[in-house]
Amino acid sequence: MEKFTIFLFSSNTIYLLVACFLVTLIMLLLEVRQKISVKSDLVKLVKSFLFGQWLSVFTQNNKNRNLNDTEVKVLRRAPGPKSYPIIGNLKDLDGYEVPYQAFSVLAKKYGPVVNLKLGVVDAVVINGIEHIKEVLINKAQYFDSRPNFRRYQLLFSGNKENSLAFCDWSEVQKARRDMLVPHTFPRNFSGRFNELNGVINDEIRLVIGESNVNRVIEIKPIIMNICANVFSQYFASHRFELEDPKFQKLVKNFDQIFYEVNQGYAADFLPFLLPLHHRNLKRMDQLAEEIREIMLETIINDRYDNWVEGNTENDYVDSLINHVKSKIGPDMEWETALFALEDIIGGHSAVANFLVKTFGYIIQHPEVQQNIQSEVDRVLETEGKHTVDLSDRNHMPYTEAVIMEALRLIASPIVPHVANQDSQIGGYDVPKDTLIFLNNYDLSMSENLWENPNDFVPERFLQNGRLVKPDFFIPFGAGRRSCMGYKMTQLISFSIIANLLRSYTITPLSGHSYFVPVGSLAMPEKSYEFQINLRH
């Protein structure tokens with residue numbers, strides 16, 4: 001990459017240079033006057049003019065300084081590393097497997113709140129659970145906006161407010177979340193809870209089957225298909241046939257977009273680099289258009305046109321249609337509702353990618369797989385049944401601990417927040433529009449919080465046979481901007497892991513890598529291949 005050096009001058013520097021020039025010129029004129037005793041009106045005029053201009057500039061600058069005197073005195077910026085022209089502190093994040101690892105290094109040097117300049121973006125990094133909760137809970141109303149990256153705008157038809165995860169907080173956003181709660185947080189043993197349990201188990205059986213053939217499988221397509229149809233059935237009452245080309249395109253497109261939004265680009269902080277991503281962003285836009293076309297044709301069909309006010313809401317699609325048509329609460333356009341539906345159905349990609357990584361950990365640790373299978377066998381024998389249900393979670397703490405440990409090690413970052421007004425964090429001033437990174441990577445990987453944090457040890461979440469989650473462990477965030485799908489992630493992951501390992505034992509293939517990349521949920525399209533052997 002070519003290197004460019006650009007010198008930037010601030011307005012204060014320019015004032016200083018001009019003042020120095022003028023003072024020097026005056027001194028030269030005075031010296032000339034002394035030597036040749038020139039007292040012409042011309043010299044007096046030049047002196048008067050130059051001194052007057054310098055005094056005017058100095059006085060105006062001083063007035064501006066006085067006007068801001070109070071602000072400067074009370075503004076207490078967090079400490080941070082030296083910022084460089086153009087790139088700011090981007091170089092300080094280079095050289096790490098996960099950029100958030102750099103945040104932990106900076107925290108050791110500068111403290112829990114670190115000030116950064118990332119390209120054109122002012123940012124702070126928040127470390128430690130106390131200060132992170134200050135942002136997420138105690139002062140949530142001050143820090144509930146999202147980054148205004150141009151890339152996010154382009155990914156959501158030119159308006160990031162169409163996205164559930166990347167929009168700023170608003171009444172419409174609150175309404176969308178409120179409609180989701182009954183679906184994404186089903187109460188134990190409720191109708192929706194039992195419906196979800198049935199959908200998951202049916203889909204596992206249909207996709208994996210009861211084949212007696214020991215074979216090699218590619219895990220990601222299988223998990224993606226299960227999760228996609230679970231989400232489609234549960235939220236939209238529509239099941240796709242596995243061989244349907246539209247279904248396969250839908251799953252593939254969602255996965256590619258999910259991978260894209262999980263990538264970090266310098267162009268987010270240096271917008272002049274965005275043209276370099278033009279072709280890729282255009283491809284993402286095309287993928288999103290294809291998703292919309294398929295969903296309108298298959299899931300929505302004539303449901304919107306045929307909806308009559310007073311109809312019973314049977315799924316999330318009905319809730320959206322009813323809200324739009326009946327004008328309940330804040331106005332929501334049908335276009336906005338469709339984006340919300342796509343976000344939720346597309347959530348299957350997050351769950352599936354997480355599960356693929358979890359199986360990557362399980363296959364590296366045969367004892368973990370054996371412990372899960374022992375727990376499954378014990379529960380099924382006690383209950384006298386052949387399938388693990390969601391209601392069995394309370395009796396299978398080890399399997400739950402495996403999910404927790406995978407979440408911890410993957411350490412997927414919390415979506416950055418943005419200050420919607422001037423405020424403070426940890427006693428430091430945080431101006432409006434400041435980008436806020438929450439270093440949950442450190443909460444998941446710090447040696448001060450975990451023993452041997454780089455090891456996969458599910459037992460760290462167990463005490464006396466019970467599942468225990470430390471207060472500082474917040475893989476899904478907290479507060480009103482927490483992940484709306486975290487319960488679905490836990491429920492679906494539990495059922496798929498337990499029921500797959502109920503029937504099969506998975507073993508690694510010779511010469512294959514099962515390295516699990518961390519710092520993001522996204523996995524490449526081609527991931528792991530396993531040998532699966534029927535257990536019973």
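Here are two short exercises, with worked solutions, on a predicted model.

**Exercise 1.** Work out the strand order of the open sheet of 4 strands, and find which strands are at its edges.

*Solution.*
- Start with the order, which reads β1-β2-β7-β4, and note that the pairing is mixed.
- Next, look for strands that pair on one side only: these are β1 (113–118) and β4 (417–418), the edge strands.
- Now zoom in on β4, which pairs with β7 (residues 435–438) in the antiparallel sense over 2 bridges. Here His417 stands opposite Ile436 in β7.
- Then add the helices. Helix α5 (residues 129–138) packs on the sheet and touches β2, β4 and β7. The direction of α5 makes about 130° with that of β7.
- Finally, place helix α4 (residues 99–110), which lies across β1, β2 (121–126) and β7 and runs at about 125° to β1.

**Exercise 2.** Describe how helix α8 (residues 191–208) and helix α19 (residues 486–503) cross, and say what kinds of residues make up their contact.

*Solution.*
- Begin with the axes: those of α8 and α19 come within 10 Å and cross at roughly 40°.
- Classify that angle: it makes α8 oblique to α19, because angles under 35 degrees would count as roughly parallel.
- Add the hand of the crossing of α8 and α19, which is right-handed.
- List the partners. From α8 come Phe193, Leu196, Ile200, Asn201, Ile204 and Ile208; they meet Met488, Leu491, Ile492, Ser495, Ile496, Asn499 and Leu500 in α19.
- Sort the residues of this contact by type, and you get 10 nonpolar, 3 polar and no charged.

Terms used:
Residues numbered from 1 in each chain as written. Predicted model: local features only at pLDDT ≥ 70, side-chain atom pairs only at ≥ 80, totals over all residues. Heavy atoms only, no water. Pairing = 2+ DSSP bridges. Contact = heavy atoms within 4.5 Å. Axes fitted to C-alpha atoms, helices over the stretch in contact; angles between N-to-C directions. Left-handed = near helix turned anticlockwise from the far one by under 90°. Nonpolar A, V, L, I, M, F, W, Y, C, P; charged D, E, K, R; others polar.
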